[in-house]
Amino acid sequence: MFRGNYPTRVDEKGRLKLPADFKRVVEEKQYGETFYITSRDGVDVEIHPMKEWEEIERKIAAIPNSNPAKKKLMNYINYYGQTVEMDTQGRVLLPQLLREKTSTLGDVLIFGMHTFLRVTNRENFVKLMDESPMTEEDEQMLESFGL
């Protein structure tokens, strides 16, 4: 399972080196070198091992094509999405369109999101955390789930 946060950089060519702990998960789960990189919101990048992405596709396929939320989701994940291969140095290339839209060049944070990785602009994320702290209402909602 992918977990934790790793500050890192996306180089000038748009390559992101997977942190060692995340690369280890890729190897242990035998995910291989193929990933689907996309965004559901145009704010954060999602890096899905292809095995996990295919499970998402299976769930999407079960939703009727006429469903407006499915249409919107398909627009986002296809517009920003690309299949990429991890190179021998453990790097993946973030698509240029996605890098530009999400400001993910230079300093970024990589979050483990259980079955995929989320990449976000470090400065924007810290600003969001400062502007939107956990509230008592948030804590109560989480308590209702036993957290």
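Strand 8, residues 117-121, is mostly covered, with four of its five residues buried. Keep in mind that this is a predicted model.

What does strand 8 pair with? On one side there is strand 4, residues 45-49, joined to strand 8 by three bridges. Those two strands run antiparallel. Strand 7, residues 106-112, is also antiparallel to strand 8, and here there are five bridges.

V119 is a good residue to click on, as it takes part in both pairings. From strand 4, V45 has V119 as its bridge partner. From strand 7, I110 has V119 as its bridge partner.

Strands 7 and 8 also make a hairpin, with four residues between them. In that turn, look at H114, where phi is positive, about 70°.

Now the salt bridges. How many salt bridges does the structure hold? The count is eight. As background, side chains of opposite charge can pair when their charged atoms come close. I will go through three of the pairs.

Start with E46, which forms a salt bridge with R40. The closest N and O atoms are 3.2 Å apart. Is E46 buried or exposed? E46 counts as buried because its relative accessible area is 9%, under the 20% cut-off. Its partner R40 has a relative accessible area of 39%, so R40 is partly exposed. E46 falls within the residue range of strand 4, 45-49.

The second pair is K23 and E27, with 3.0 Å between the closest N and O atoms. Both sit in helix 1, residues 20-28, and because they are four residues apart, about one helical turn separates them. K23 is partly exposed, at 23% relative accessibility.

The third pair is R58 and E55, whose side chains meet in a salt bridge at 2.4 Å, N to O. These two are in helix 2, residues 50-61. They are three residues apart, so again the separation is about one helical turn. R58 counts as exposed, at 51% relative accessibility, while E55 is partly exposed at 33%.

Next, the loop between strand 5, residues 82-85, and strand 6, residues 91-93. D87 is located there. D87 is partly exposed, with 26% relative accessibility. If you take D87 together with R9, they are 78 residues apart in sequence. In space, C-alpha to C-alpha, the distance between D87 and R9 is 17 Å.

Last, the surface around helix 6, which covers residues 136-143. Which residues form the negative patch? They are E136, E137, D138, E139 and E143. E136 belongs to helix 6, and at 62% relative accessible area E136 is exposed.

There is a nonpolar patch on the surface as well, formed by M134, M141, L142, F145 and L147. Together these five have about 580 Å² of accessible area. M141 lies in helix 6, the helix that also holds E136 of the negative patch.

To recap, strand 8 is mostly covered and has four of its five residues buried. Strand 8 pairs with strand 4 through three bridges and with strand 7 through five. Of the salt bridges, the one to look up in the viewer is E46 with R40, where E46 is buried and R40 is partly exposed. For the surface, go to E136 for the negative patch and to M141 for the nonpolar one.

Technical notes
Residues numbered from 1 in each chain as written. Predicted model: local features only at pLDDT ≥ 70, side-chain atom pairs only at ≥ 80, totals over all residues. Heavy atoms only, no water. Patch = residues over 30% accessible without salt bridge, like charges linked within 9 Å, V, L, I, M, F, W, Y side chains within 5 Å. Areas by Shrake-Rupley, 256 points an atom, 1.4 Å probe, with all protein chains shown as cover. Salt bridge = Lys/Arg side-chain N within 4 Å of Asp/Glu carboxyl O. Lys, Arg positive; Asp, Glu negative; His and termini not counted. Charge placed at Lys NZ, Arg CZ, Asp CG, Glu CD. Buried < 20%, exposed > 50% of the residue type's maximum accessible area, 1.4 Å probe, protein only. Pairing = 2+ DSSP bridges.
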